[in-house]
Amino acid sequence: MSTQAAETSVRNDVVVEAPIERAFSVFTDDIDSWWPREYNLLEVDIAERTFEPREGGQIYDRGVDGSECHWARVLAYEPPNRIVFSWDISPRWEIEADPAKTSEVEVRFVAESPQRTRVEVEHRNLDRHGEGWEGIHASVSTEGGWAYTLQSFAARIQT
């Protein structure tokens, strides 16, 4: 008898009509312009979303009242090819303070031509979140998860 392990990663990709350097820059430096505003753990609307462009940086939201929600740490920053950041959001959709209980998101930028880039996302190690991790998997693997986020990115890069 064999058992199948639960899939602990979610993968999505999108192809955009943009050079690799522009795709990387929009994804990181301009995250505020495309990451869906409805993805918000603050109790107020988001005034701005920031991606600190360096290993050891953070991704965080600042609310209209000045409050902040730091929801990711930049683990790798390799322009224009790759970034990795933590997912510091628990299965209860609250900030997870214990790095051992966070997952990782790797984003790769692959030039398909000088003017076309494939952006590949792998959200992995979801089981690190512990009890209830399957709920995170279910959320990020649906059409409203990474697929929607990458559609928002692709729409922004076309402008």
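## Histidine 137 and its neighbours

Let's start with histidine 137, which sits in helix α2. Keep in mind that this is a predicted model. The side chain of histidine 137 gets to 3.5 Å from the backbone oxygen of glutamate 7.

Who else does this histidine meet? Leaving out residues up to four places away in sequence, histidine 137 touches Glu7, Ser9, Val10 and Leu126. So glutamate 7 turns up twice: its backbone oxygen is reached by the histidine side chain, and Glu7 is also on the list of residues that histidine 137 touches, by the cut-off of heavy atoms within 4.5 Å.

## The buried side of helix α2

Which residues of helix α2 are buried? Across residues 133–141, they are Trp133, Ile136, His137 and Val140. They lie on the same side of α2, because they cover an arc of only 100 degrees around the axis. The general rule helps here: an α-helix has 3.6 residues a turn, so residues three or four places apart point the same way.

What do these buried residues pack against? Their partners are strands β1 (10–16), β5 (82–87) and β7 (116–124), along with helix α3 (146–157).

## Valine 15 in strand β1

One of those partners, β1, is home to valine 15. Is valine 15 buried or partly exposed? It is partly exposed, because its relative accessible area is 36%, and buried would need under 20%.

Valine 15 touches Glu112, Arg116, Thr117 and Arg118, again not counting residues up to four places away in sequence. Its C-alpha atom is also 9.6 Å from that of phenylalanine 109, and these two residues are 94 residues apart along the chain.

How values were computed: Residues are numbered from 1 along each chain as its sequence is written. This is a predicted model: local features need pLDDT of at least 70, side-chain atom pairs count only at pLDDT 80 or more; totals for chains, interfaces and linings use all residues. Side-chain values use heavy atoms; hydrogens and water are left out. Buried means under 20% relative accessible area, exposed over 50%, partly exposed in between (1.4 Å probe, protein chains only). Helices (H or I, at least four residues) and strands (E, at least two) are DSSP runs, numbered from the N terminus. The arc is that of the directions from the helix axis to the C-beta atoms. A polar contact is a pair of N or O atoms within 3.5 Å; within protein, one must be able to donate a hydrogen and the other to accept it, and residues adjacent in sequence count only if both atoms are side-chain atoms.
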